[in-house]
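Trainee: I'd like a close look at one short stretch of a helix, with its surroundings explained step by step.

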Amino acid sequence: YYNLLFALQQVQVYEDTVKDFELHLEQAKAYYDIGTKARIDVITAEYNLGKARLNLIQAKNTLKIAYVQLSNAMGMPDLTDYNVIDNLKMKSYGIGIDDAVNTAYETSPELLASKKRADAAELLVRSSKRAFTPDLSGFAGYTRGGRHIDTDDGYQIGAQFTYSTVNLLLLKKQVDEAKATYKKEAADYENIKQNIYYEVKQAYLNLTTAQESIQVAKLSMEQAKEQYDQASGRYKVGLGDAIELKDAETTYRNSQLDYYNTLLNYHV
């Protein structure tokens, strides 16, 4: 989505560039006709205009691809004709690093699956240890007999421990194996958790850096615009040359794209 917004801004920048160079070409031809500028200014203006038109063609192709990618991401690959109602602009995302990390811990399928495997391995250790315990059974009984109902009472109660015929060495090895499996699963869980923290922390730092870069990029764009306006004004009155104008235009265009790319990185 934001790649599409950037592609739209990029097309707008190159459309404005084409319009500016069309005007510069008219001015260069006019100065050449009255003899105040050399033929090289006209040739330079024609080259600049041709280069700008080529950039515009490429930008429009990039825009078409961005539409295809967004349509495919929405599950509607055949959708081609629609408008985007938002603009690529600055807005604040109110999220802290702790909230971001906790959200990642709670929703990461890989981490949740690893936790289940570690829990299962812990249960395996417990069940393996229980194989060493004896079987405990209890019994009780009561009898009454004789010619009279109140004679010859009998009571019986007891308990017993029994061991099945088992290979104790095999059981020990099974317990050792279960413990090793648990240690591995627990280590994998901690490793995944640390990687998630690293990824979220890195993303958060990138977000902060991009946010701080927006104002710097905007200021650079404004300064480049002022420089371009001065160079364009000087050329209009015959004081500047085509090289100065081209350099100023290139700087301004690149600063625009840098600014929009900074916004793109921030939102992504």
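Where is the place of alanine 118? Please describe what lies around this residue too.

Mentor: Happy to walk through this one with you. Alanine 118 has its place in helix 4, which covers residues 109–130. Residues are numbered from 1 along each chain as written, and the model is predicted, so local features need pLDDT of at least 70, side-chain atom pairs need 80 or more, and totals for chains, interfaces and linings use all residues. Side-chain values rest on heavy atoms, without hydrogens or water.

Let's set the scene before zooming in. The protein has six helices and two strands (DSSP runs numbered from the N terminus: H or I of at least four residues for helices, E of at least two for strands). Read from the N terminus, these elements follow the order α-α-α-α-β-β-α-α. Helix 4 is therefore followed by the two strands in that order, given the numbering from the N terminus.

How far can you trust the picture? The average pLDDT, the predictor's confidence in each residue from 0 to 100, is 84 for the protein. A score of at least 70 is reached by 88% of the residues. Helix 3 has the highest mean among the elements, at 91, while strand 2, residues 153–162, has the lowest, at 68.

Now back to alanine 118. Its relative accessible area is 8%, so alanine 118 counts as buried (under 20%; exposed is over 50% and partly exposed in between, with a 1.4 Å probe and protein chains only). For context, 31% of the protein's 268 residues count as buried. What lies across from alanine 118 in space? The C-alpha atom of alanine 186 is 5.4 Å from that of alanine 118, although the two residues are 68 apart along the chain.

The residue just before gives a second view of this meeting place. Arginine 117 also lies in helix 4, but with a relative accessibility of 41% arginine 117 is partly exposed. Computed along the sequence, arginine 117 and lysine 184 are 67 residues apart, yet 10.0 Å separates their C-alpha atoms in space.

Side chains connect the two regions as well. Side chains of opposite charge can pair when their charged atoms come close. Arginine 117 forms a salt bridge with glutamate 185, with 3.5 Å between the closest N and O atoms (the cut-off is a Lys or Arg side-chain nitrogen within 4 Å of an Asp or Glu carboxyl oxygen). This pair links distant parts of the chain, because arginine 117 belongs to helix 4 and glutamate 185 to helix 5, residues 168–236, 68 residues away. The two partners differ in how covered they are: glutamate 185 is buried at 13% relative accessibility, whereas arginine 117 is partly exposed at 41%.

On the other side of alanine 118 in the sequence comes aspartate 119, whose side chain meets that of lysine 115 in another salt bridge, 3.0 Å from N to O. Why are these two about one helical turn apart? Aspartate 119 and lysine 115 are four residues apart in helix 4, so about one turn separates them. Aspartate 119 is partly exposed, with a relative accessible area of 29%, and lysine 115 is partly exposed too, at 34%.

It helps to set that pair beside one from another helix. Arginine 253 and glutamate 249 are joined by a salt bridge of 3.7 Å, N to O. They also sit four residues apart, about one turn, but in helix 6. Here arginine 253 and glutamate 249 are both buried, whereas aspartate 119 is partly exposed. The search of the whole structure finds seven salt bridges, and those described here are among them.

For a contrast with buried alanine 118, try another alanine. Alanine 140 is in strand 1, residues 135–144, and is exposed, with a relative accessible area of 66%. Its C-alpha atom is 5.3 Å from that of glutamine 156, 16 residues apart along the chain. Glutamine 156 falls within the span given for strand 2, residues 153–162.

To pull the close-up together, follow three neighbours in turn. Arginine 117 pairs with glutamate 185, alanine 118 is buried with its C-alpha atom 5.4 Å from that of alanine 186, and aspartate 119 pairs with lysine 115.
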